[in-house]
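Pull up the model and keep the sequence handy. Let's walk through a few charged pairs and then a pocket.

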Amino acid sequence: MADAVVVGSGPNGLAAAVIMARAGLEVEVHEAADTVGGGCRTAELTLPGYRHDVCAGAQPMALASPFFRAFDLAAHGVELLTPEVSYAHPLDGGAAGVAWRDLNRTADDLGRDGAAWRRLFGPLVRHWERLVDLGMSDMRHPPLDAVTGVRFGRRLLEQSTPLWDLRFREEVAPALFTGVSAHAIIPPRAFSAAGVALLLGSLAHAGGWPVPRGGSQAIMDALAAEVERHGGRIVTGHRVDSLAEFDGVRTVLLDTAPTELLRLAGDRLPARYAKRLGRFRYGDAACKVDFALSGPVPWSAAGLDRAGTLHVVGTRAEAVAAERAVAAGRHADRPYVLVIQPGVVDSSRAPAGGHTLYAYAHVPNGSTRDISGDVIAQIERFAPGFRDLILAQHVRTAAAMPAYNANYVGGDISAGAMTFAQTVFRPTPRWNPYGTPIPGVYFCSSATPPGPGVHGMSGLHAARHALRDHHITTDPLTVLRGAAAAT
């Protein structure tokens, strides 16, 4: 019998499994789908030879998170390709904001707002590791780095209040910032949205926003191989129906949404805790559209053809209006569209001459609407002729997302609304957010701090608690770096 079982093979589930296996425990991973990966799979969704990331595409945390810095993807054969432009934001009339990896080059392009952009991000970029350690903490034991905390906090307060318009004088820089904040799928001036923008924006100028050669599946395959190398077993095509399947196993880690714990546990959960889980809020959603193209996108503005990621919505005001419409349960007339074009650095994603492009448009939770027409119109707005390049397309509506991944309730790819309270206290207000009232059962999914993203840190934090069940006190990062586990 295994010492530990992990249910779900997303980035956090496999991160926890790697740590437990490296600590010398016998580990099993159970995955409902036929392949590992969760939100990090890669597949031919449109035409043969066109490889699309099914969910996550650009991977700034694959370079930056404490888990991946210790794991060292390069040492496990994963090649991270970093575009010269981390992200870009087109505007009407051929203008655009371009976030180069070089902060100074970005500031130089922003004209009168360049100095303000440099002041906003410069101190955070110089100390990016401390910033990441703060943002990737368990929200209970943040690193004791007061200087970084104050720098981040001051900027967070500015960009999440009416003060956010005081820093900039022109149109491009505020749009560039707002595009990143909308990754949180909540109105861009929300507290957590500003935090996302500051963290991801800093990484854009520190290490960049890389894409893995061949697709994000490469990251998951490397983690799965490491589990197996240390004696672990991975079972795919097995949907777990009850925690009773693992009676006798000391530790069970769930890389699942709270809805799945309620389903798996049945009446084993105390009524009060079950009620709290039932109140967990799921956020707004995404409709994903994948394209096989006959050539590169003909962007109007310079620099966009070098960007791995683009935020396609227009001005700051348009982005705010689009996200507020979705938050109110309506489809925006001109939705926020997040576009990934991996072909700028990875020619393996499509046959010679072809390109893959995938896009997320924000929609209300549970939306059944295919909004591929709106997505095409938004891209065509800034890249006339785009429509003529489309060879094939694949659409997954928000309502269809849970069939692919049960954690995406209603199409919420963040596995829970990113409100301030729920970012800190997800999934319920507990000192140990990873533990549950059932002894030995832990959450390790994005429904726990630090939240969504391909960072593995929810798995690492949960594994830290779970190792104590086995009287192993070595820190998980030390385990990852290869030291023997202390018991």
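Is R213 buried, partly exposed or exposed? With a relative accessible area of 37%, R213 is partly exposed. Keep in mind that this is a predicted model.

R213 doesn't sit there alone: its side chain meets that of E79 in a salt bridge, 2.7 Å from N to O. E79 is partly exposed too, at 40% relative accessible area. The two come from distant parts of the chain, 134 residues apart: E79 is in the loop between helix 3 (66-71) and strand 5 (80-81), while R213 is in the loop between strand 8 (211-212) and helix 10 (217-229).

Next, find D92 and R381, another salt bridge, whose closest N and O atoms are 2.9 Å apart. This one spans 289 residues, from the loop between strand 6 (85-90) and strand 7 (96-100), where D92 is, to R381 in helix 14 (residues 372-382). R381 counts as buried because its relative accessibility is 18%, under the 20% cut-off. D92, at 45%, counts as partly exposed. Salt bridges with shared partners also tie D92 and R381 into one network with E318 and R334. Across the whole structure, a search turns up 24 salt bridges.

Now for some empty space. The second largest pocket holds about 230 Å³. It has 14 lining residues, and S137, D138, H141, H461 and R464 are the closest to its centre. Helix 17 (residues 457-469) supplies the largest share of the lining, six residues. Sorted by class, the lining is a mix of six nonpolar, four polar and four charged residues.

How values were computed: Residues are numbered from 1 along each chain as its sequence is written. This is a predicted model: local features need pLDDT of at least 70, side-chain atom pairs count only at pLDDT 80 or more; totals for chains, interfaces and linings use all residues. Side-chain values use heavy atoms; hydrogens and water are left out. On a 1 Å grid over the protein atoms alone, a cavity is a set of points where a 1.4 Å probe fits but cannot get out, and a pocket is an open set with protein on both sides within 12 Å along at least five of seven lines; lining residues have an atom within 4 Å of a point. Grid points are joined across faces, edges and corners, and a volume is the space filled by probe spheres set on the points. Helices (H or I, at least four residues) and strands (E, at least two) are DSSP runs, numbered from the N terminus. Ala, Val, Leu, Ile, Met, Phe, Trp, Tyr, Cys and Pro count as nonpolar, Asp, Glu, Lys and Arg as charged, and the others, Gly among them, as polar. A salt bridge is a side-chain nitrogen of Lys or Arg within 4 Å of a carboxyl oxygen of Asp or Glu. Buried means under 20% relative accessible area, exposed over 50%, partly exposed in between (1.4 Å probe, protein chains only).
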